[in-house]
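Me: I would like to learn how to read a structure like this one, feature by feature. Could we begin with a single residue and work outwards from there?

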Amino acid sequence: MPITILPPKFSHPPPPPQDISDSDSDLSSDDGGAHLDFASLGLPNRKPNPANNPLFTNLVTPGTLITPDPQWMRGHGTYIPPHTTHITSSLAGIITRTNKLISVSPLRARYTPEVGDLVVGRIVEVQAKRWRVDVGSVQLASLPLSAINLPGGILRKRTETDELQIRTFFAEGDLVVAEVQQLFQDGGAVLHTRSLKYGKLRNGLFAAVSGVGGGSGVVRSRRQVWTMEGQNGGGKMDVILGVNGYVWISKHVEQVAKELEQKHMGITNMEENVSAGVYSSQNDPIDSDTMREITRLRGVVTALVENGCRVDEDMVIRGYAEACEMAMLSETGPEDIYLGGQRGEELTRALRGN
Amino acid sequence: MASSQHVLLSPAELSYLHSSLSLTPPLRPDGRSPTQYRPLSAETGILPGTNGSARICFADGTEAIVGVKAEVEKTKRRWDDDTIFSENNHHQQQQQQQQQQQEGEEENEGRNNNDEEGGSSDWVELTVEIPGYRDDDSGTVFLGQMLSEALLADGGFVKRLRINRRFHWKLFLDILLISPPLSYPLPLLSLTTHLALLATRLPKLKSEGDEDPFFDDDWAAAPYLYARDPATKRVAERPPVTLLVMAVGGNIIFDPSKEELAVADVVLAVSVGDDAQGKGEDRMDVDGSNPGRNLKLLSIRTVDPPSRLTPPGVANAANSAYGHAQVVNTGANQKMPEARQTESEAVEGVWKPPRGGAKAVVMGALVQKVLVRGGVADEVLDALEGVDTS
């Protein structure tokens, strides 16, 4: 079955269940008789009509008048034009209402960096003293040369030689995992990789799941990085979920322990040691079983996003277990790693059912 | 030939992709089998003002729309006779004409025959639009060329546009990619075009012979450009379809994604169509035991894989940023900071872009794999036929 062609469906799932009918009754019975002016805008009927896709019942575009009533407060995604009291949408999205606060949650949005976020980024430009990094935000983030661990010890001073050799650390196209250190006024981010956890990525697969709205995609959570055991003979795998929606799945490498063993060095020199391998762009040998499981895990992440689920540690681990089970039941056994289209839907249905 | 767009991937990623795609069976990053297409959703008849239209979406959000409009046009004629001229076979026909003039009267019949059947490639106008690219961008032009080439290759398509000796349909195909090109859009555009042509209907002709054409007002009576068999409701002969095929190591992969193209050794765009001539005899021979149909190779283009432009990886041994702490013979490397640029021997786990041309054996295998009976091309054509075009 090399090709499947399905009838078209709506690419976004219905909005989360803060229900339209619920807010409806609230609005009408509310004190003050405030009303959201849908009817005059020519928007579809507010009442949930099974024939209408629920998505479109309170969908607004930039410039749409939401309400002229001054008793509502404007929230994110809205503005009030000067000399009026009209709350107007500034985004294409779905109206959400919390008590008296009206906000519009966008259908699709770019990543907005915040200090402390763990991000995966791709180097797109190398400048004299810094790199410009694509993190899926409106602007490129910058990674100054002074914010990386230079080889040969964490306490080394940055020299001119380092500036000349800037490309040997990171070059165009390289993937890095970093942390947002600082934000500029305009929303641009400055990154740093001054930790053992951060640095260049290798031994694995990349997946970009950024820019999807409606509650799916990567969410900020307690753990963005973890190591998990591969099933079906696969080795350990590292998963990095960048808050920006860039995901890296790779083979787990016991770098620290191995090098310490080799060099018989104490824990005090660990920093020096680790920085040795951190700028390598050579993959370690990876067996095919691990590769297969890495691919399966990537399939789980993309299936979750395609079907409007959030991506976090819990969902990914459960999804992976479910995917392994699905593969076991299929004809080809564990070799079956395809999780696109209908199989992805099956997977997320099973996860939601639990 | 024109290149597909440049991709930015790190050498470590490229090396990983290459080794996973070179396994047997290959492990594709999205888990598909080597011959599997991305799942897509399709519909036809989305543009009410056109003669035929189609829309196809991939799950990743790439989406294309094709609209077909038809217009009656007077067939260009020479002042002195009825021979139809076209840009493509201008010279041929001129030669023919000269021959005919030399050989005298008897050739007239032959020429008339030619006139009955022939069409001209400028009866079809095809434009491709890719967001973010100029109309005259080499990539866009190349895509348009490949798609129109497949249509016009055997001259069978333009024959369908003939009304009578004096008039023909002029077909305008507008191919629009709605989303930014997340992967090389050729397969998507080709599938959408195919579907739009399957759904295309032209008004029913009421006039006869060479008189000015006069059409039936009833749209319901309009016949399809690709006529359906009234008994089986199946399309007798179908528009061409262009498949994108690539090879990595010994593996042949259909409908490659952007990441896969980035490590491809060879990429081919192969256009196939129904073989109308061979079919009749063959159906009788095989007597339905083989469900596959005769496929005809219409055109092949090599697509420059972006893999050749990717930066090579640096082996740890040559990496001056590697192993400083260990102070193991980094002295030599220190002196060549441009080590990254130098080409090195193949090292396990280090990306090395493919060099040199494609092997003839590999190219042959690719084409063979496309044309195999009951193979991918067949199934793609069948699946497209299954889409509701009414």
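Reply: Let us begin with how much of a residue can be reached from outside: Ser105(A) has a relative accessibility of 31%, so Ser105(A) counts as partly exposed. Please keep in mind throughout that this is a predicted model.

Me: Where is Ser105(A) found, and which residues does Ser105(A) touch, not counting residues up to four places away in sequence?

Reply: Ser105(A) is part of strand S8 of chain A, which covers residues 101–106. When residues up to four places away in sequence are not counted, Ser105(A) touches Gly93(A), Ile94(A) and Thr96(A). Distance along the chain and distance in space can be read side by side: Ser105(A) and Ala303(A) are 198 residues apart along the chain, while their C-alpha atoms are separated by 23 Å.

Me: Let us take another residue of chain A. Is Asn244(A) buried or exposed?

Reply: Asn244(A) has a relative accessible area of 2%, and because buried means under 20%, Asn244(A) is buried. Asn244(A) sits in the loop of chain A that runs between strand S18 (236–241) and strand S19 (246–251). The side chain of Asn244(A) reaches the backbone oxygen of Val120(A) at 2.7 Å. With neighbours within four places in sequence left aside, Asn244(A) is in contact with Tyr111(A), Val119(A), Val120(A), Val135(A) and Ser210(A).

Me: How should I read a backbone angle such as phi, and which values deserve a second look?

Reply: The general idea is that most residues other than glycine have a negative phi, and that most peptide bonds are trans. In this structure, His83(A) has a phi near 65 degrees, a positive value in a residue other than glycine, and Asn203(A), which is not a glycine either, has a positive phi of about 65 degrees.

Me: Where do His83(A) and Asn203(A) lie, and how accessible are they?

Reply: His83(A) lies in the loop between strand S5 (78–79) and strand S6 (87–89) of chain A, and with a relative accessibility of 84% His83(A) counts as exposed. Asn203(A) lies in the loop between strand S14 (199–200) and strand S15 (204–208) of chain A, but its relative accessible area is 2%, so Asn203(A) is buried.

Me: And which peptide bond is cis?

Reply: The bond from Thr24(B) to Pro25(B) is cis, with omega near -10 degrees. Pro25(B) has its place in the loop between helix H1 (11–22) and strand S1 (40–44) of chain B.

Me: Since we have moved to chain B, how many helices and strands does chain B have?

Reply: Chain B has eleven helices and nine strands. Of its 390 residues, 50% are buried. If one takes the contacts in chain B between residues at least 6 apart in sequence, 71% of them join residues at least 24 apart.

Me: Could you show me buried residues from chain B?

Reply: Thr193(B) belongs to helix H6 (residues 186–199) of chain B, and its relative accessible area of 6% means that Thr193(B) is buried. Apart from neighbours within four places in sequence, Thr193(B) is in contact with Val66(B), Leu173(B) and Ile175(B). Ser179(B), in the loop between strand S5 (167–177) and H6 of chain B, is also buried, with a relative accessible area of 9%. The side chain of Ser179(B) reaches the backbone nitrogen of Glu63(B) at 3.1 Å.

Me: How many residues has the largest nonpolar core?

Reply: The largest nonpolar core has 115 residues, and those with the most contacts inside it include Phe157(B), Tyr184(B) and Leu197(B). Leu197(B) touches, among others further than four places away in sequence, Val68(B), Leu151(B), Phe157(B) and Tyr226(B). Another core lies apart from it and has 25 residues, including Val119(A) and Phe169(A).

Me: How does one find empty space inside?

Reply: Rolling a probe the size of a water molecule over the atoms shows where empty space is left. This structure holds nine cavities of 30 Å³ or more, and the largest cavity has a volume of about 110 Å³. It is lined by 14 residues, and among those closest to its centre are Asp154(B), Tyr226(B) and Glu237(B). The lining divides into seven nonpolar, two polar and five charged residues.

Note on methods. Residues numbered from 1 in each chain as written. Chains lettered and ligands numbered in written order. Predicted model: local features only at pLDDT ≥ 70, side-chain atom pairs only at ≥ 80, totals over all residues. Heavy atoms only, no water. 1 Å grid on protein atoms, 1.4 Å probe; cavity = no way out; pocket = protein on both sides within 12 Å on 5 of 7 lines; lining within 4 Å. Points joined across faces, edges and corners; volume = space filled by probe spheres on them. Nonpolar A, V, L, I, M, F, W, Y, C, P; charged D, E, K, R; others polar. Core = buried A, V, L, I, M, F, W, Y, C linked by side-chain atoms within 4.5 Å. Buried < 20%, exposed > 50% of the residue type's maximum accessible area, 1.4 Å probe, protein only. Contact = heavy atoms within 4.5 Å. Helix = DSSP H or I, 4+ residues; strand = E, 2+ residues; numbered from the N terminus. Polar contact = N/O pair within 3.5 Å; in protein donor to acceptor, adjacent residues only side chain to side chain.
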